[in-house]
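Hi everyone, thanks for coming. Please have a look at the picture on the screen, and I'll walk you through it a few residues at a time.

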Amino acid sequence: MDKIKESKTIDKLVYAYEPLAYYFGMKPNEFWDCTYREVVLFCEINSMRKNDNFKANINLQEAVTNKLIQADGMNKRPKIVPLRKMFEELFG
């Protein structure tokens with residue numbers, strides 16, 4: 001991602017997107033047959049999808065964790081810190 005932000009020319013930008021596109025599952029021949037717009041859109045959508053999956057997993061873990069902490073009989077005053085609060089920049 002840093003290479004993408006630091007790219008000054010379009011050719012450097014294309015080469016900066018190449019590893020990201022491969023990470024998201026695009027094959028080399030697909031990458032080189034696409035337009036720049038298609039590659040950027042592909043990477044943005046996959047990044048959003050990963051972010052949404054991450055949020056869903058946090059919500060699921062938060063629900064399970066809160067129930068486990070509340071069920072603990074050893075601690076008279078359990079402190080519950082919601083995962084959504086820990087990752088508030090993600091949910092903000």
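Let's begin with Ile10. Is Ile10 buried or exposed? Its relative accessibility is 54%, so Ile10 counts as exposed, given that exposed means over 50%. You will find Ile10 in helix H2. If you trace the chain from Ile10 to Phe91, you travel 81 residues, and their C-alpha atoms are separated by 32 Å. Before we go on, please keep in mind that this is a predicted model.

Staying in helix H2, we come to Val14. Val14 has 22% relative accessibility and so counts as partly exposed. The cut-off for buried is under 20%, which is why Val14 does not get that label at 22%. Now, how far apart are the C-alpha atoms of Val14 and Val40? They are separated by 9.1 Å, with their positions 26 residues apart along the chain.

Next, the inside. In soluble globular proteins, nonpolar side chains tend to be buried together. Which residues make up the largest nonpolar core here? There are 12 in all: Ile4, Leu13, Ala16, Tyr17, Leu20, Ala21, Phe24, Met26, Phe31, Val39, Val40 and Cys43. Helix H2, covering residues 10–23, and helix H4 each supply at least two residues of this core. The biggest contribution comes from H2, which gives 5 residues.

Two members of that core lead us to other topics. Let's take Phe31 first. With a relative accessibility of 3%, Phe31 counts as buried. How many aromatic pairs does the structure hold? It holds 6. In one of them, the ring centres of Tyr22 and Phe31 are 5.8 Å apart and the planes sit at 70 degrees, so we call this pair edge-to-face. Tyr22, unlike a buried residue, is partly exposed, at 28% relative accessible area. Ring pairs also link Tyr22 and Phe31 with Tyr15 and Trp32 into a cluster.

The other core member I want to show you is Cys43. At 2% relative accessibility, Cys43 is buried, while Cys34 is partly exposed at 27%. How many disulfides does the structure hold? The count is 0. Why does Cys34 not form one with Cys43? The closest cysteine sulfur to that of Cys34 is in Cys43, and it is 9.6 Å away, too far for a bond. A disulfide needs the two sulfur atoms within 2.5 Å. Starting from Cys43 gives the matching picture: its closest cysteine sulfur is in Cys34, at 9.6 Å.

Let's finish with helix H4, which runs over residues 36–70 and includes Ile45. Ile45 has a relative accessible area of 44%, so it is partly exposed. Together with Leu41 and Met48, Ile45 forms a nonpolar patch on the surface, and the three have about 290 Å² of accessible area together.

Glu44 is in helix H4 too. Glu44 is partly exposed, with a relative accessible area of 43%. And where does Lys3 sit relative to Glu44? The two are 41 residues apart in sequence, and their C-alpha atoms are 15 Å apart in space.

That's my tour. If you'd like a starting point for exploring on your own, find Phe31 on the screen: it belongs to the largest nonpolar core and to the ring cluster with Tyr15, Tyr22 and Trp32. Thanks for listening!

Methods: Residues numbered from 1 in each chain as written. Predicted model: local features only at pLDDT ≥ 70, side-chain atom pairs only at ≥ 80, totals over all residues. Heavy atoms only, no water. Phe/Tyr/Trp six-rings, centres within 6.5 Å; stacked < 30°, edge-to-face > 60°. Buried < 20%, exposed > 50% of the residue type's maximum accessible area, 1.4 Å probe, protein only. Patch = residues over 30% accessible without salt bridge, like charges linked within 9 Å, V, L, I, M, F, W, Y side chains within 5 Å. Areas by Shrake-Rupley, 256 points an atom, 1.4 Å probe, with all protein chains shown as cover. Salt bridge = Lys/Arg side-chain N within 4 Å of Asp/Glu carboxyl O. Helix = DSSP H or I, 4+ residues; strand = E, 2+ residues; numbered from the N terminus. Core = buried A, V, L, I, M, F, W, Y, C linked by side-chain atoms within 4.5 Å.
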